[in-house]
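User: I am new to reading protein models and would like a close look at one single part. Could you pick a strand, walk me through its surroundings, and then step back to the rest?

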Amino acid sequence: MSIVSNKDQINYVLRSVEERKVRFIQLWFTDILGTPKSFSITPAELENALEEGMTFDGSAIDGFSRVQESDVLAFPDPKTFQILPFQKGNSELARIFCDIYNLDQTPFEGCPRHVLKRTLTKAHELNYNFFASPEIEYFYFAKQDGRGLPQPLDNGSYFELTVADLSSDLRKRTVLALEEIGIPVEYAQHEDAPSQHEIDLRYTDALTMADTIMTVRLAIKEVAQDNNVYASFMPKPLEGVQGSGMHTHFSLFQGDQNVFYDPDSEKFLSKTARHFIAGLLYHAHEITAITNQWVNSYKRLVSGYEAPIHISWAHNNRSALVRVPVTKTSHPEATRIEYRAPDPACNPYLCFAVILAAGLDGIANTIELPKEANNNLFEMSDKELKKAGIRPLPMTLEAALAEMEKSELVAETLGEHVFEWFLRNKYYEWNEYSRHISNYELTRYFPTL
Amino acid sequence: MKTFLCFPKDTPSNITEIITELGYETKCTDEFDLFTDVESPEGFLGVLVTAGQNEQKAIDLCREIRSRETPLSPVILVVQLGLMSKLDQLDDLFDECIIEDATAQEIKFRIIRSLKRFGKNLNSPVISYGPLALNLETYQAVVEKKPLDLTYMEYELLRFLVQNPGKVFTRDTLLTRVWGYEYFGGARTVDVHIRRLRAKLGEEHAGLIETVRSVGYRFGRIHW
């Protein structure tokens, strides 16, 4: 397959840029940690970029540097061309997602979009299409210079009377901006914690959804910034209140058929679905470093909040890692599973890739699904949990990395380059964190020791 | 050849808007000189004369156009209903006659039909349905004249639907006719794109694309 896209798609992009008087086109891609990267080109450079790619020095990008050759090619995917109405400015601005290639036009191993595409292709070979629908939680904070403590908008002092309205108003504006660029929002609501909000997206295929999450995170931050507010996807910015998760609903389809649904099974959950969940649970500890990739991610995965800490599944138990909402018989296509570990600061491409790989492995090896966990897992003692065969998720980034390092599945899914770079980068982060003398230590130990 | 010459300068906006909607430009003027002075009168697509209260002037204008060495056609005359009788025996001075308060739809049809008679507008790049118009040449879509920022596949799907209004299509049909190649999404992709289109059309026009339960989708209303 040629990496150059078809002529019609290229023409569509070129004509739209001309007709809508787009002055700059942002080429978007993502580094290994899920940080959005972009460079802008002018319409004059666009045709060449679409046909031959844009060469740039990858050594400046996290995880893109290699020993021999640092130049890589960004190839725009014209199907993702979109004019961005929420970007302020006096002329139209558009974005296109890029795939990164080596100069010899082979896929670049460090490109997260390739990692997901490769895993989706494997699923596709089995005739499966993989769908995702995330619930993105985040906080609004008072804008500051990047130092000091996060200050929620609506706990009284800062914006006083207008506070509750301001953050809800921002969320509504964001939803409108998203709808305008064709990202349908299922629900949007104020979450439990002060200034915490949630935007739930309608499902799409996993690749489109990973692209969409990159766009949504940007839109949320842009709309906030326009109003002098700071939006954060940090998993646990405030102690003592809920953290921000990205519970994501997944389903597998073969053509029109939802293969998670079976009218003859208990609660309509098919064999395929059971093996998929079993695979996810089997590999859960190995993929946690990817779904929860920061030191701070593990401050969210603690007991007493809506975050999972035990490797378990249930239909109606919000302390379980995998929740299977019971579907109405009238909507068999809605049968899905919800994976509750990921947080909104993950790299969505890698996150979806490892989740899919784990589920497919469960199907391929017909892994048996353990018993449903019906009790509140937070209230069970370690002994009871052990007896029930329920293991905990890794409790720190370091523990998660140690599990990932041993995982054949993760190594194969990410590919050698991403796998090694990720571990190296994250162990470095852990070591840095370990040297830090925290406020906890100073207040707890200094007065007494 | 994209411009309609319109007389007089204050041609009613409902008429110029229809011409714009069809994807053409308008040049509204009172000065007949401008018309005679144009180097190549063929550069104009046609002439549209709105009589208003001044039907005699309009008739004279039409006669003038007809008597040119290189005639310009079609000549479309817009008159008030009450003045119709005055046109008796003068029907060779124009190619089409439209009553001023005809519906927008009728005016549009009459303009298109008279253009077609002169071999013009045979394949207009603009297709439209209700508030929606697509220019197939420039790949641009507008709803109530406001541009829609569509992705390529959304545009292709909308084009297919607008070109086949009133018909019900299954997801599989849409997938093969619009996508035509293997795609990560499979048949469910159609639902995803329909939802994206509806979101972009906005609440008011989202209903243009109707879900036909357990079958698929239909664009536009059924015409009996």
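Analyst: Happy to! Let's start with a pairing: in this predicted model, strand E4 of chain B is joined to strand E5 (residues 96–99) of chain B by four bridges, and the two run parallel. To see one of these partnerships up close, find Leu77(B): its bridge partner in E5(B) is Cys97(B).

E4(B) has another partner too. Strand E3 (residues 44–50) of chain B is linked to E4(B) by four bridges, and this pair is parallel as well. Here you can look for Val47(B), which stands opposite Val75(B) of E4(B).

Now, is E4(B) mostly covered or mostly open? The strand spans residues 75–79 of chain B and is mostly covered, with five of its five residues buried. A residue is called buried here if 20 or more other C-beta atoms lie within 10 Å of its own. Both faces of the strand are covered. On one side sit Val75(B), Leu77(B) and Val79(B), and on the other Ile76(B) and Val78(B); all of these are buried. So Val75(B) and Leu77(B), the two residues we used to find the neighbouring strands, belong to one side of E4(B).

How far can you trust the picture around this strand? The mean pLDDT of chain B is 82, and 87% of its residues reach 70 or more. For the model as a whole, the scores are ipTM 0.76 and pTM 0.79.

Let's step back from the strand to where the chains meet. The contact draws 30 residues from chain A and 22 residues from chain B. Several elements of chain A give two or more residues to its side, including helix H3 (112–125), strand E7 (129–142) and helix H4 (163–180). The biggest contributor on that side is H1(A), with five residues. Sorted by class, the chain A side has 12 nonpolar, nine polar and nine charged residues.

Finally, take a look at the nonpolar cores. The largest one has 150 residues, and among those touching the most other members are Ala206(A), Phe352(A) and Val354(A). Helix H8 (residues 348–364) of chain A gives the most to this core, with 12 residues. Leaving aside residues up to four places away in sequence, Val354(A) touches Ile287(A), Ile290(A), Val410(A) and Thr413(A). Apart from the largest core lies another, of 28 residues, which includes Phe4(B), Phe7(B), Ala58(B) and Ile107(B).

Definitions and conventions: Residues numbered from 1 in each chain as written. Chains lettered and ligands numbered in written order. Predicted model: local features only at pLDDT ≥ 70, side-chain atom pairs only at ≥ 80, totals over all residues. Contact = placed C-beta atoms within 7 Å. Nonpolar A, V, L, I, M, F, W, Y, C, P; charged D, E, K, R; others polar. pLDDT = per-residue confidence, 0-100. Buried ≥ 20, exposed ≤ 12 C-beta atoms within 10 Å, placed from the backbone. Pairing = 2+ DSSP bridges. Core = buried A, V, L, I, M, F, W, Y, C linked by C-beta atoms within 7 Å.
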